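Dear colleague,

Please find the structure below, with the sequence alongside. A short account of the findings follows it.

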Amino acid sequence: MRWRAGLWPVGRWWPLALHWPSVLGRARADAGSLLLAAAVVAVVTLLAGAVPPLLRATADEAVQDGVRRAGGDGDVLVEARMERDDGPNGGRVRAPRLAEDVDDFRDRATDELGPGLRAALRPPVATVISPTLKITDGSVLRTFQLAYLAKGDGADGGPQADGADDSDGGPHVTWIAGGPPRPAVPEADNHAEVPAMGKPRPVQVALSEADAEALKLRPGARIPLKDDAGNIKKVLVSGIFRPTDSTDSAWRSAPALLRPVSGADGVGSTRFAGLLSPGSLPDARLAFDQDALRRVVRFTPDPSRITWDSAQAIASKVVALKANSGSSGALDGSLKWETGLDGVLRNIRAQVGAASAQASVLLTGVLTVAVLVLLLAADLLVRRRAPALEAARQRGAALPTLAAELLLESTVVALSAAAAGLALSRAVVPGASWEWVLPVVLAAVVAGPAFGTLAAARATRDRRVPANRTARRWARHTVQLRRAALEAAVLIAAVAAFVALHQRGILPAALAPGGDVAGPGLGLGDGPLPASAPALGVVAGTLVVLRLLPAGLGLVLKRALRSRRPLAVFGTARAVATSARALPLLVLVTSAALASFALTLDATAGDGLAEGAWRTVGADARLDVVPAAAASTPALARRIAAAPGVREVVAAQVTDRARVVADSLVVGPRLVIVDASAFRRLLAATPLPDAPALARLGATGHGDVPALVRSDDGGLRSGMRLDLLRDGAPTIRLTAVGTAPAVGDAGDVVVVDAATLKAAGMPSVPNTVWAAGPGAARAVAASAVDADTVLREDVLRARRAAPLTSGLLTLAWVSAATLLALGLLGLALGAAASAPERWQTLTRLRTLGLRPRDARWIAAGELLPPVMVAAVVGPLLGVLLARLMLGSLALRLLTGQAADPALVLPWWRLGLVTVALLVAVAVVVPIESALRRRRRLSEVLRAGGG
Amino acid sequence: MSADPADRPLLTVRGVHRRFGSGPTAVHALRDVSFDLAAGTMVALIGRSGSGKTTLLNVIGGLDRPDSGTVLVDGADVTALDEDGLSRLRREKVSYVFQTFGLIPVLSAAENVGAPLRLARLPAAERERRVELLLELVGLADHAQQRPGELSGGQQQRVAIARALAASPRLLIADEPTGQLDAETGLSVMALLRGVVESEGVTALVSTHDPTMLALADRVIQINDGRLDEREAS
Ligand SMILES: Nc1ncnc2c1ncn2[C@@H]1O[C@H](COP(=O)(O)OP(=O)(O)OP(=O)(O)O)[C@@H](O)[C@H]1O
Ligand SMILES: [Mg+2]
C-alpha cells in the first residue's frame with residue numbers, strides 16, 4: 001500500500017500494522033459524528049481555555065478598581081517627630097528652613113519604600129498638621145487646623161500660585177484675595193530664640209474660598225482661636241485661594257482646607273483649616289508646643305501601576321514596613337508607617353479568590369456535562385460502527401490494531417478541535433489556558449477507542465447467556481456489583497466534596513478572613529474537591545434518579561397496559577427499554593440541573609447586588625448635604641417630598657465616628673438622629689428589612705434616651721448603657737433598647753429619635769435626606785443644592801459593571817447557555833442512539849397496521865419520559881444544590897453585602913430550561929418521523945430494519 | 001359488482017411490473033405478473049433466490065408499490081390506497097409473517113399477539129380472551145409472559161403466526177417463514193400454518209425455498225426471473 005510505505009514512515013517501526021483504508025473509510029463514513037464531537041471539544045475548549053486568562057485580566061482590573069475605590073484607606077502614611085528646636089537659653093529657636101527639613105523627611109521616607117512599592121505609589125505629599133483648635137465665636141462647635149502641604153515632585157512645599165512664581169511644591173491655587181502666607185518676623189529675626197512661654201506667636205494662613213465664606217473672614221482678619229487648654233492662638237488670614245484642581249490628591253491629607261468638613265470632631269461639629277506656606281511654617285511651629293505639630297508623608301497608590309502580580313509584593317512590603325515601624329512612643333526621628341493598603345489588597349484578593357472559585361464551580365459543571373456528552377457521542381459512534389468493527393474482527397484484525405486505529409482517529413479529531421478552540425480563545429481574549437481543557441480532550445481521545453475496542457472484543461466473544469442458572473446469576477451479580485461500586489464511589493466523592501466545601505468554604509484557606517495576604521497565586525479554586533461539589537452532587541443525584549426510574553416507568557407501563565389508550569403501551573415499553581441506558585439520562589439531568597444551578601447563582605448574585613445597593617444608599621436616592629447648607633435641609637426634604645413620584649422622604653443627621661462609650665470602651669459608630677416613625681415608614685417603602693424596634697425610640701421613661709444599636713463585632717448590644725460624648729456639652733446617656741436597622745455600610749450603628757434627643761438637650765441638624773419612590777431620583781437630582789447626590793440606580797449600575805462582578809455574572813449566563821445547549825445535544829444524541837431500535841419497533845407496528853401519524857405519538861411516548869424526568873428533576877436538583885451550597889460560595893464578596901445573599905429562585909428562567917427540553921422533543925419527533933417516512937416499508941424491511 | 005363474493009377470488013394480481021433502478025442497470029424484479037387466488041387456500045410461492053418472491057409479496061401486501069398493474073385484495077385495490085388506506089388494509093385484511101419473525105422485543109409474547117388488536121382498538125377484555133385463544137392455538141399458552149428474546153426461534157415464529165391471525169385477516173402473507181428454522185421446526189411451523197388455514201379460514205400465500213413444504217400447499221406458484229411460471233400442486 002502506497003500509504004503505508006510512503007506517506008507514513010512510522011509504519012516501519014510501529015509494531016502494529018494499521019490498515020489505512022479502514023481508518024480513512026471509517027472516518028469518512030462517520031464524518032458527521034466525528035465533526036460533532038470535534039465541535040463539542042472546540043466549544044468547551046474555547047470556554048475553558050478563555051476563562052483563566054480572562055480571570056487574570058479581570059483580576060488586574062479588579063485590583064486597580066479596588067485600590068481606586070479604597071480612596072484614602074489605601075494611602076500609605078509615614079510619620080516622624082520633628083527635631084527639637086530648644087535654644088541655648090531655655091527658649092525655642094525659629095527654624096526658617098523647616099520646609100526643607102520636611103522635604104528631607106519626605107525623601108527619606110520615599111527611599112525606604114523600596115523600588116517595588118515606590119513604583120506603585122504616586123509622588124508623595126508631605127504634610128505638617130497642627131492640633132485641632134476651637135473657633136471661639138458662635139454657639140455650634142467649629143474647629144480649625146493649620147496645615148502645610150508639600151508635593152514630592154521636586155519643588156518646595158507650600159501653595160503654588162498658578163502661573164505665578166513657582167517655587168512652592170503644594171497643590172496649585174489661584175489667589176482671589178490677598179496672597180500666600182508670609183513669615184511673621186522680619187528676615188533679621190529669622191534665627192532668634194523666643195521664650196518657651198510667651199505671648200501668642202502670630203502665624204499667617206490662607207483660607208479657601210469656601211472656608212472663608214463660611215467663617216466670613218477677609219484677608220488681614222484674625223481667626224478667633226484657642227487650644228484645648230484655653231490658650232489663645234494668633235492666626236491671621238493672608239489671602240483667599242481657589243484650588244486649581246480640587247481633586248488633586250494632595251488635598252486629601254487635609255480636606256478641611258478645601259471646604260468645611262462636618263462631624264470630623266464629634267457630632268454636630270464642623271472643621272475648617274488654614275493653609276501654611278514654607279514661610280509661615282516656622283511660625284506655626286513656634287506657635288505650638290514642641291511636639292504638637294504632626295509631620296506626615298502621604299503616598300497615594302497609583303491604581304494603573306498595580307497589577308494582580310505586583311499586588312503580592314506590594315502587600316508584603318507594606319506589611320514589612322509596618323512591622324519595622326518605630327513605636328509611636330519613640331522620641332527619635334524614626335519612621336512610623338501606617339496604611340490600610342495591605343487590608344485593601346487583602347480584601348481584593350479575597351474577592352478575586354472568591355470569583356475564581358465561583359468561576360471554577362461553574363466551569364467544573366460545564367466540563368462534567370461536556371465529558372458526559374462526549375461519552376454519549378462516542379457510544380453512539382460505536383453503535384453505528386458495530387457491524388464494521390465486527391466485520392474487521394472477523395477478517396482477522398487484532399484488537400490492539402483496531403484500538404490503535406481508533407485511538408489515532410480520536411486523537412487527531414480531539415487534538416485538532418482543541419487546538420482550534422485554544423486558537424480561537426487566543427484570538428478573542430488575551431490568552432488561552434489548557435489545564436481545564438485536559439479532561440475534555442482526554443474524554444474525547446479515550447472514550448471512542450475504549451468503547452470501540454470493547455464492542456469489537458464482545459463481537460467475537462461467546463455472547464450467549466450461560467445456560468447454567470447459577471452462572472447466569474453470577475454474571476448478573478457481577479454487573480450489578482460493578483454498577484453499585486461505581487455509584488458508591490460517586491456518592492462518596494460527592495459527600496466528601498460537599499463536606500469539604502462546607503467546612504473550608506470555597507475560598508482558598510489563605511484568603512479566608514484573617515488569612516495571610518501572601519497566599520497562593522491566582523488559581524481556580526483551592527483544589528478541585530470543593531469546586532466540584534455541585535457537579536458531583538448533581539451526578540450523584542442523577543444516579544439516584546436512574547435507580548428509581550425503571551421502577552417508576554414499570555408502574556407507568558402497568559398502567560399503560562390497562563390504559564384506554566391502546567397505543568400508550570408501545571411508547572412506554574420502549575421507554576422502559578431505553579431507560580436501562582444511563583448515559584443519555586445522565587446528560588439530560590446533569591445539564592438541566594447544572595444550568596439551573598448557574599441560573600440560580602446568577603439570580604441570587606443579581607438580587608444580592610440590588611439589595612446591597614438598597615442598603616448602601618438607604619433608599620432610591622440620598623442627599624449628603626454639605627455643612628454650610630445643613631440649615632436648609634428640612635426645607636429641602638419638604639421640597640423633595642412634594643415632587644411627583646416620591647413616596648417617603650426622611651431627613652436625618654448622620655455622623656460617622658461619633659464618640660460613644662460602651663462598656664468603658666470608646667467606639668466610633670455611625671450615629672443616626674432621625675424621626676423614628678418617619679424612618680420606619682421610609683424602610684417600609686423600600687425592600688430593606690423593616691425595623692419594628694424603631695417604635696420603641698419614642699418612649700421616654702427613666703431619663704436615658706432610648707437607642708437602637710447594631711454592630712458587626714458585637715461591640716454594641718441591646719440592653720447596653722451608652723454614653724454619647726460631646727465637645728463642650730454634657731454627655732448624653734443612651735440605653736440600647738433594640739437592634740438598629742442597617743444604615744449604609746457602616747459596621748456599628750446607633751439610631752436615636754430626633755425629638756427624644758432634643759428633649760434630652762441635644763438638638764440635631766439634619767445633613768442627610770433619604771427619598772424613596774419611583775420619582776425620587778429625579779426629584780433629588782433636580783433639587784439643586786450643595787449636596788452629594790447618591791442614586792441607588794447609579795450605585796447598582798456601578799457595582800454590576802465592576803470587573804469581577806460583571807465577569808462572573810456573564811460566566812454564569814454563558815455556562816447556563818452552554819449547559820443547556822449540551823443538554824439539548826445530549827437529547828439529540830440519545831434519540832439518535834435509540835433510533836434504530838425505535839424505528840424497528842415502529843416499522844413492525846406499521847406492518848401490523850399502525851397509522852403513520854400514530855407512529856409519531858409512540859415515538860414521543862418513548863422520548864418524552866426521560867426528558868420529562870430531566871425537565872422536572874433537573875431544575876429541582878439544581879435548586880436543591882444551590883440551596884445547600886450557595887452559602888459556601890462567598891457570594892457576598894461579589895455583591896458587596898455584609899452577609900451572603902439570600903437564595904433567589906429565577907422561576908421563569910428555570911421554567912425556560914424545562915420548556916426548552918420539552919420543545920426539543922417536539923422538534924426531534926417530527927424530524928425523525930419525516931426521516932423515517934422517506935423510506936418505503938419494503939426497503940426498511942429488506943435493509944433489516946424490520 | 002354482480003359476481004357473488006363467494007366465487008370471487010380473494011386476491012387478483014394483474015399485469016404487475018416492478019423495476020428497481022433505471023437505465024442499463026435497471027433490475028426488472030417483476031414482469032407482467034398476473035394470477036388469482038381463491039379464498040381459504042394455502043398457496044406456496046417458490047423460485048430461486050433473486051427471482052422476485054419478496055418483491056411480489058411486498059407489492060401484494062402494500063408494503064411496496066408496483067410500477068404498473070393492479071392488486072385487488074378482497075375487492076380492494078391495494079395499488080390505489082393511500083398510507084392510511086394501506087394501514088387499514090393491514091389492520092383488517094392482510095397480515096404478514098416474516099423470516100426474521102418481526103416481533104417487538106420489549107413486549108411479552110401475549111402483548112405481541114395483542115398488538116394488532118390494540119391497533120384495531122378492540123376492548124381490553126375481548127383482546128385478552130382472543131390472545132389467550134391464539135396462544136393456545138399455537139401451543140404457547142405457557143409462554144405468554146416471556147419476551148421474544150427468551151423464546152426459541154420456532155416459538156417466536158409461532159407467536160408471529162398467532163399475531164398474524166389476531167385481527168382475523170383474509171390474507172396471510174408469509175415470506176420464507178421457516179428460513180431461519182431447522183428442518184424439523186420448519187415443518188411443524190408449516191403444519192401449523194396449514195392447520196390455521198383450515199381452522200381460521202384464511203388464505204395463505206407462503207414463499208419458500210424448501211421443496212418438502214410443497215406437500216402441504218394446495219397450489220404452487222413458481223416465479224422465475226420476475227415471470228410467473230405456474231404449476232399445480234402435486
Ligand atoms: N430495493 C432494491 N433495489 C434494487 N434492486 C432490488 C431491490 N429490491 C430487490 N431488488 C432486486 O430485485 C430482484 C428480486 O429480489 P427479491 O428480494 O424479490 O428476490 P427473492 O426471490 O425474494 O430472493 P430470496 O429468495 O433470496 O429472498 C433481485 O434481483 C434484487 O436484487
Ligand atoms: Mg426474498
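Contact here means heavy atoms within 4.5 Å. This is a predicted model, in which local features need pLDDT of at least 70 and side-chain atom pairs count only at pLDDT 80 or more, while totals for chains, interfaces and linings use all residues. Residues are numbered from 1 along each chain as its sequence is written, chains are lettered from A and ligands numbered from 1 in the order in which they are written, and side-chain values use heavy atoms, with hydrogens and water left out.

Leaving aside residues up to four places away in sequence, A:Phe299 touches ten residues by name: A:Asp75, A:Val76, A:Val78, A:Ala109, A:Thr110, A:Leu113, A:Leu121, A:Arg122, A:Pro124 and A:Trp337.A:Phe299 and A:Trp337 are also among the residues with the most contacts inside the largest nonpolar core, which has 193 residues. Such a core is a set of buried Ala, Val, Leu, Ile, Met, Phe, Trp, Tyr and Cys residues joined through side-chain atoms within 4.5 Å; buried means under 20% relative accessible area (1.4 Å probe, protein chains only). Another core, of 35 residues, lies apart from it and includes B:Met42 and B:Leu192.

Ligand 1 has 14 residues around it, and A:Arg942, B:Ser49, B:Lys53, B:Thr54 and B:Thr55 come nearest; a residue is near if one of its heavy atoms lies within 4 Å. Because residues from chains A and B surround ligand 1, the site is shared between chains.

Polar contacts are pairs of N or O atoms within 3.5 Å. An oxygen atom of ligand 1 lies 2.5 Å from a side-chain N or O atom of B:Ser49, and one lies 3.3 Å from a side-chain N or O atom of B:His209.

Yours sincerely

Terms used
Buried < 20%, exposed > 50% of the residue type's maximum accessible area, 1.4 Å probe, protein only. Polar contact = N/O pair within 3.5 Å; in protein donor to acceptor, adjacent residues only side chain to side chain.
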